[in-house]
Amino acid sequence: MHFRPACRLLALLLCSGIAVSAHAHGQEINIYSARHYQTDEQLYGEFTRKTGIHINRIEGKEEELLERLRNEGANSPADVFITVNAARLSAAHELGLFAPVKSKVLEARIPAHLRADDWISFSKRARVIVYAKDSVKPEDVRNYADLADPKLKGKVCTRSGSHPYNLSLLASIIAHRGEAAAEAWARGVVANFARQPKGGDTDQIKAVAAGECGVAISNSYYVARLMRSDKPEDQKAAARIGVVWPDQDGNGTHINVSGAGMLRHAPHKDAAVKFLEYLASDDAQRYFADGNNEWPVVPSVKVANPALDALGNFKADTLPVGSLGMYRAKAQMIFDRAGFR
Ligand code: FE
């Protein structure tokens, strides 16, 4: 979770404010967000300047916000829920929290495979393979399938199999290759573990740089963040690793998203649609994606990000984001059976 103590305090203040006072003048919108980046602040401010709609924002951990939405039920003041990862957005969908939005703007600007039944993606991240330049050859890690190959025995590091990032990756493998192949892959990766899964993606990258692992799986923005860091130790770590866009001769590199949906009991539905359409605008797309070293979902919007530019172009998987959610539960069962914890 991308979250700092100051935000928790802000969340508490907003929480208490939201319950007792409606905005005194004009329109308002209530947003529950499990995504927080500094640049998102500018984004929200710009929306209010453009539309006059005041934003009340509650930030919290994904599970806390989902629990809160369930408890509030039809009395929830929340209009829009924002979070990262298709598996989590699908969880909100399965709980029946979202309402579909009909919008010509969203349909025109966001490619169909990045929209689900009742939620929409606003930025893209890729799940890449990171390798130690001094001990692993890039040609040995060109595809996700290589991670399960015995040639990488004792070399693979990853975060937990119950984390949404890995669940979505496995969901994409189920969608492309079927359950049996996905399970064989999961077992192969477990057999290649350098250590039991622990920590987040950045911990895996640093373990590769430190020589504890030969190979790791990571979301692209953690790599970009390390590359853009001013800290000498981060720059040293970045210099020791190589990055591969997996599956370039196949389905393309696995893509995940940040996204949002309008809530079923939203008290301000018109404002909610305006906000979602705003997130698809050129300026908002740039802020939303670049603030976390991600890519916009609107194809015509480009960001100039030195770290992402340095990583180069790649072929991205165009599997519909809804499929990632559809296979999420199966993915968890397979990881459990395979001992990928
Ligand atoms: Fe993350």
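Reader: What radius of gyration does the protein chain have, set beside a compact globule with 341 residues?
Author: This is a predicted model, where local features need pLDDT of at least 70 and side-chain atom pairs count only at pLDDT 80 or more, while totals for chains, interfaces and linings use all residues. Residues are numbered from 1 along each chain as its sequence is written, and side-chain values use heavy atoms, leaving out hydrogens and water. The radius is taken over C-alpha atoms, and the globule rule is 2.2 Å times the number of residues to the power 0.38. With 341 residues, a compact globule would come out near 20 Å, and the protein chain agrees, at 20 Å.

Reader: How many helices and strands are there in the protein chain?
Author: Along its principal axes, the C-alpha trace spans about 65 × 45 × 35 Å. Helices (H or I, at least four residues) and strands (E, at least two) are DSSP runs, numbered from the N terminus. On that basis the protein chain has 15 helices and 10 strands.

Reader: What share of the 341 residues in the protein chain is buried?
Author: Buried here means under 20% relative accessible area, exposed means over 50%, and partly exposed is in between (1.4 Å probe, protein chains only). By that cut-off, the buried part of the 341 residues is 53%.

Reader: Of contacts between residues at least 6 apart in sequence, what percentage join residues at least 24 apart?
Author: A contact means heavy atoms within 4.5 Å. Take the pairs at least 6 apart in sequence, then ask how many of those contacts link residues at least 24 apart: the share is 79%.

Reader: How far apart are the mean positions of the positive and negative charges?
Author: Lys and Arg count as positive and Asp and Glu as negative, with His and the chain ends not counted. Each charge is placed at NZ of Lys, CZ of Arg, CG of Asp or CD of Glu. The chain has 44 positive and 39 negative charges, and their mean positions are separated by 2 Å.

Reader: Let's get to single residues. Which side chains join that of Asn166 in polar contacts?
Author: Asn166 sits in helix H6 (residues 164-177) and counts as buried because its relative accessibility is 2%. Leaving out residues up to four places away in sequence, Asn166 touches several residues, including Ile217, Phe335 and Phe340. A polar contact is a pair of N or O atoms within 3.5 Å; within protein, one must be able to donate a hydrogen and the other to accept it, and residues adjacent in sequence count only if both atoms are side-chain atoms. Asn166 has such a contact of 3.0 Å with Thr158 and one of 2.9 Å with Arg127.

Reader: Is Ser168 buried or exposed?
Author: Ser168 also lies in helix H6. Beyond residues up to four places away in sequence, Ser168 touches Asn85, Ala87, His254, Asn256 and Leu324. Its relative accessible area is 0%, so Ser168 is buried.

Reader: Asn85 just came up among those neighbours. What phi does Asn85 have?
Author: Asn85 is in the loop between strand E3 (80-84) and helix H4 (86-94), and Asn85 is buried, with a relative accessible area of 0%. Most residues other than glycine have a negative phi. Asn85 is not a glycine, yet its phi is positive, at about 85°.

Reader: And what is phi for Asn293?
Author: Asn293 is in the loop between helix H12 (282-290) and strand E10 (295-296). Asn293 counts as buried because its relative accessibility is 8%. Its phi is positive too, near 55°.

Reader: Which side chains make polar contacts with the side chain of Arg195?
Author: Arg195 is in the loop between helix H7 (179-191) and helix H8 (201-209), and it is buried, with a relative accessible area of 16%. Among the residues that Arg195 touches are Val156, Cys157 and Ala207. The polar contacts of its side chain are one of 3.1 Å with Gln204 and one of 3.2 Å with Glu212.

Reader: How far apart in space are Val141 and Val215, C-alpha to C-alpha?
Author: Val141 is in the loop between E5 and E6 and is buried, with a relative accessible area of 0%. Val141 touches Val215, along with residues including Ile129, Tyr131 and Leu152. The two valines are 74 residues apart in sequence, but their C-alpha atoms are separated by 8.2 Å.

Reader: What is the relative accessible area of Glu139?
Author: Glu139 is in the loop between strand E5 (120-132) and strand E6 (156-157). The C-alpha atoms of Glu139 and Val244 are 9.3 Å apart, with their positions 105 residues apart in sequence. Glu139 counts as partly exposed because its relative accessible area is 49%.
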